Amino acid sequence: MRNQFITDAYIGIGSNLQNPFLQVASAIEQLSLIDETELHSFSSLYSSRPMGPPDQPPYVNSVAWLKTRLDANSLLLRLQAIENEHGRTRDGERWGPRTLDLDILVYGNFTLNSQALTIPHPGIKSREFVLYPLHEVNKNLMIPNLGAIHRIQPRCYANGLTRLSI
């Protein structure tokens, strides 16, 4: 569904299977092709330790800043379609390895808590692989119910997060 206003949406991007670097780069390209949406900017790529089961490869992460006329649920459907195109399977394993994970982190000043979607993303304030690239993309971002990114990010330990050279 089309929104009459342009909304800033921040998308977390992660992969740790099937050449994660290329998966993330391809996802960024595909985000730029979403109808009624413009890719404003994106962060560097980062390597991070996996959450969940320890016997999985490290992740490659990034954050994209989109400007969109899509409502949050329509945007979510587009993100899931991109994940599916990248071979994403949803087998129920929480925080398991994946070819591509796209999460709406922040959607304007909106908050939402539904079965399908929670905005801002519930893990945003404690995940270094989200906060560091999010801060890189917009140092002035205000996250609803949490505050300014420049105050939240320094409180999150980097936990081995490494910026990748391209």
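This short presentation describes the fold, the surface and a few selected residues of one protein chain.

Good morning, colleagues. Please keep in mind throughout that the structure before you is a predicted model.

I begin with the overall architecture. The chain contains four helices and ten strands. Their order along the sequence is β-α-β-β-β-α-β-β-β-α-β-β-α-β.

What radius of gyration does the chain have, and what would a compact globule have? For 166 residues, a compact globule would have a value near 15 Å, and the chain agrees with this, at 15 Å. Along the principal axes, the C-alpha atoms occupy a box of roughly 45 × 35 × 35 Å.

Contacts across the sequence come next. Among contacts with a separation of 6 or more, 68% join residues that are 24 or more positions apart.

I turn now to burial and surface. Of the 166 residues in the chain, 49% are buried. The accessible surface is about 8700 Å², and carbon and sulfur atoms contribute 52% of that area. As to charge, there are 15 positive and 15 negative side chains. The centres of these two sets are 9 Å apart.

One helix deserves separate attention. Why is helix H3, residues 128–137, described as largely enclosed by the rest of the structure? The description applies because eight of its ten residues are buried. In sequence order, the buried residues of H3 begin with Glu128, Phe129, Val130 and Leu131. Pro133, Leu134, His135 and Val137 complete the set.

Let us consider the aromatic rings. How many aromatic pairs does a search of the whole structure find? The search finds two. One of them joins Tyr107 and Phe110, with the ring centres 5.5 Å apart. The planes of Tyr107 and Phe110 meet at 45 degrees, and the pair is classed as tilted. Are the two partners buried or exposed? Tyr107 has a relative accessible area of 4%, so it counts as buried, the limit being under 20%. Phe110, in contrast, is partly exposed, because its 46% lies between that limit and the 50% above which a residue is exposed.

My final example is Gln23, which belongs to helix H1, residues 20–31. Gln23 has a relative accessible area of 9% and is therefore buried. Which residues does Gln23 touch, leaving aside those up to four places away in sequence? They are Ser15, Leu17, Gln18, His86, Thr99 and Leu100.

Thank you for your attention.

Note on methods:
Residues are numbered from 1 along each chain as its sequence is written. This is a predicted model: local features need pLDDT of at least 70, side-chain atom pairs count only at pLDDT 80 or more; totals for chains, interfaces and linings use all residues. Side-chain values use heavy atoms; hydrogens and water are left out. Helices (H or I, at least four residues) and strands (E, at least two) are DSSP runs, numbered from the N terminus. The radius of gyration is taken over C-alpha atoms; the globule rule is 2.2 Å times the number of residues to the power 0.38. Buried means under 20% relative accessible area, exposed over 50%, partly exposed in between (1.4 Å probe, protein chains only). Contact means heavy atoms within 4.5 Å. Accessible areas come from the Shrake-Rupley method with a 1.4 Å probe; for residues, only the protein chains shown count as cover. Lys and Arg count as positive and Asp and Glu as negative; His and the chain ends are not counted. The place of a charge is taken as NZ of Lys, CZ of Arg, CG of Asp or CD of Glu. Rings of Phe, Tyr and Trp (its six-membered ring) pair if their centres lie within 6.5 Å; planes under 30 degrees apart count as stacked, over 60 as edge-to-face and the rest as tilted.
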